[in-house]
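Trainee: I should be grateful for a close look at one part of this protein, with the rest of the chain described as far as it helps to place that part. Please take whichever part you consider suitable.

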Amino acid sequence: MSCNNDSEQLSSICLVQGIHATDVEISTINDLKNDLQKVLNEDVQIINNEDTTPKNALIFIVGTANSNPVIADMLSNNDLDLTAENQSPGSGSWSKNTFNGSNAIVITGADMKGLQHAVYDYSKEILGVDPLEYWTGKLPQKKTINDLLNFEPKTIEPPKVPELTYFENDVDELANYRGELLKYDWESYTEMINSLVRLRYTSIQLFDMLGRPEFYIRPEYKKLKPDYQIDVNYVEKMIDYAHTKGMKIAVDFALGYQIHPMDAEKADCWKLHKEDWLKAWRYYFEHTPLAKTDIFILRPRHQVWDWEYESTCGESKIDVFNEVYAAFGVLVDEYKPNAQKVLVCYSDGMEMWNEGFRPPKDWTVLWSDHGFGEFEHLPNTTDDYEFGTYMHAGYWLNHTVHNPYPEKVESVMKEMFNSYNADKYCLVNGQNFRPFLLNLEAYSEVCNNPETFNADLFYKEWTERYFTKEAAEHAVKSMKLLSEAQEGRKGYVEHLWEIREAVSYLSNTPIVRPGKSPVPFDYERVIGDVENVRRVKGFLEKSLSEAELGYELLKRNDNFYHSYILLPAQLYSDLIAFETVLHNMVLLKKEYETTKNQKYLNQAKAMLPKAKKELDIIFEHRSSGDIDDKWKNWYAIGNRRQNNGFPTYEMLNAIEANLNNMTL
């Protein structure tokens, strides 16, 4: 091999991969090639270590000692700062070297995961490639070949938390915004995986895309897509793509998926239907793509619907799930020996743990937050189990608008690491992904190195990555105020329920819930929300003001600032403005009912045009959505997740009819 060692004369880039490179390694090296092509004008090519390198090329030697003999030789000859003895799984390095008298950059890992960490860190830190580029629109600046060599040798340490799983849950907008309803378009799915890999997420938990029960059972979804049918071949294609990117597949082996559903009536009595549960699980292993699962998750809950297990045959749920986890564990060992098994102690699962529920010792135990990054319960003991956490970057109660809380991520995760050694696994619920990028990356950073993670510094660096320093300051202030507006587990979707309560009282009609008993109209339900909405409104006014100040500094032409900083504050403010009008009407109606003074009823009716105007604004801002055409349908009402309903003009008509009737 030979190449010119005069960097001023270099005219191409050559990536040397090992002859034994795996499919994942080849995919990673192709990503590095594509990243280099984004920032260079020079030709970039990939060859195997047995090929002759071109002349006048800067050489990248990429791989592991197992896959690339060149790296193995360098390690054995002590030509790398990182020696074979001090490498650990997940570690990697960059270094500058010479190869046959030519400049060379060596990017290596102790294993495949370490190589990925090294490659993607190099792309981010040296090439300036944003790991979230598809979602943010941030493109790297052009580089010279000499820029590629402008770094000090670096060792990439393995992450503190070895398994970081992204939970694909409540994905409606991502699935609906430009493709077939309730099905990812291929580009969105693969780009999500690509970004997650660069953020050091090591696995993805499939859920919605397996056909969650809501999609084919609940009336709202049957109305939205009456012919919903899971595409099993497409699911397998999704799994295969994730595997090619080096991500493991995690699956909660619940039994309600349309991919092979079990009758809900069989899910609330284990002792009578044990064989049905086992038969359904065996079907997953033998006849579905879930046979390709790498990480097996189970919650100690109803196995069709995600609610508490209440036995219809007099069982203790702790006794039931002590048996269930043992029996399911035997199946996993039979079909996938040595696969990881994960208990997610969601909701009442934590109480069950503290009351004595124990799976076999080879299960990793995940402690669950309450949806907004904090814990309502803490473990009495970890009992020498491998412990981890289940955290929410977003939650269904704030599904539409994110709650930015890097401060919680820092304090809560460090406490869980230090007090409970809960650092063996982290499962992060990302909802529909795009609105929750900040928290998703914060969890990645703290799980990578909690010692260096600082919330304020993270906020600063994250916003300055995308905006000017001045605009970034306003962005941070706006997001912090947006978070304060959601104190007490309040969020956009929670306010949709509060609006239904107000509409119910104003129209004297119960709230109808499919499959559940109606909720009677009740003034007391509404009055409890009024003061909090006033508080929320104050924070949102300040958040929106800060967002607008930053946007003005960017001369109102930054698409990502608009979509990630300004628009969430605007959409939330719109909803609160509408709810505030309804609350004012509620207070007037109650005053009329108490005093029988007609003026209060007249004042309430006089507010209906304002309520309609505020609803017009909600629909206008949601329909126009992002100014970027790429995301123009994201907030369309028809694409939203079917949680807690949505205000309609028909609701206002019902209110008007009732108020008029009260005067007759």
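Mentor: The account below concerns strand 7, set first within the chain as a whole and followed by other sites.

The model is a predicted one. Its chain contains 23 helices and 14 strands. The radius of gyration is 27 Å, close to the 26 Å that the globule rule gives for 664 residues, so the chain is as compact as a globular protein of that length. Measured out along the principal axes, the C-alpha trace spans about 95 × 65 × 45 Å. Of the 664 residues, 58% count as buried. Among contacts between residues at least 6 apart in sequence, 76% join residues at least 24 apart.

Strand 7 comprises residues 164–167. In a regular strand the side chains alternate between the two faces of the sheet. In strand 7, L164 and Y166 lie on one side, while T165 and F167 lie on the other. Which of these faces is covered? Both are, since each of the four residues named is buried.

The neighbours of strand 7 can be taken in turn. Strand 14, residues 426–429, runs parallel to strand 7 and is joined to it by 4 bridges. Within this pairing, F167 of strand 7 stands opposite N429 of strand 14. Strand 8, residues 203–206, is also parallel to strand 7, and 3 bridges join the two. Here T165 has S203 of strand 8 as its bridge partner. T165 and F167, which share one face of strand 7, thus appear again in the pairings: T165 with strand 8, and F167 with strand 14.

Open and enclosed spaces come next. The second largest pocket holds about 940 Å³ of space. It is lined by 36 residues, of which K124, E125, E441, E445 and E461 are the closest to its centre. Helix 3 (112–125), strand 6 (154–156), helix 15 (437–448) and helix 16 (455–466) are the elements that give two or more residues to this lining. Helix 16 provides the largest share, with 5 residues. By residue class, the lining of this pocket divides into 14 nonpolar, 8 polar and 14 charged residues.

A search of the whole structure also finds 5 cavities of 30 Å³ or more. The largest cavity contains about 70 Å³ of space. Its lining consists of W135, R434, P435, L437, F560, S563, Y564, P568, D626 and Y635. These residues divide into 7 nonpolar, 1 polar and 2 charged. Helix 20 gives the most to this lining, with 4 residues.

Helix 20, which spans residues 559–595, also contains T580. Is T580 buried or exposed? Its relative accessibility is 19%, and because the limit for a buried residue is under 20%, T580 counts as buried. Leaving aside residues up to four places away in sequence, T580 touches V533 and K537. The C-alpha atom of T580 is separated by 7.7 Å from that of R534, a residue 46 places away along the chain.

To return to the part chosen, strand 7 is buried on both faces, and it has parallel partners in strand 14 and strand 8.

Notes. Residues are numbered from 1 along each chain as its sequence is written. This is a predicted model: local features need pLDDT of at least 70, side-chain atom pairs count only at pLDDT 80 or more; totals for chains, interfaces and linings use all residues. Side-chain values use heavy atoms; hydrogens and water are left out. Buried means under 20% relative accessible area, exposed over 50%, partly exposed in between (1.4 Å probe, protein chains only). Contact means heavy atoms within 4.5 Å. Two strands pair if DSSP finds at least two bridges between them. On a 1 Å grid over the protein atoms alone, a cavity is a set of points where a 1.4 Å probe fits but cannot get out, and a pocket is an open set with protein on both sides within 12 Å along at least five of seven lines; lining residues have an atom within 4 Å of a point. Grid points are joined across faces, edges and corners, and a volume is the space filled by probe spheres set on the points. Ala, Val, Leu, Ile, Met, Phe, Trp, Tyr, Cys and Pro count as nonpolar, Asp, Glu, Lys and Arg as charged, and the others, Gly among them, as polar. The radius of gyration is taken over C-alpha atoms; the globule rule is 2.2 Å times the number of residues to the power 0.38.
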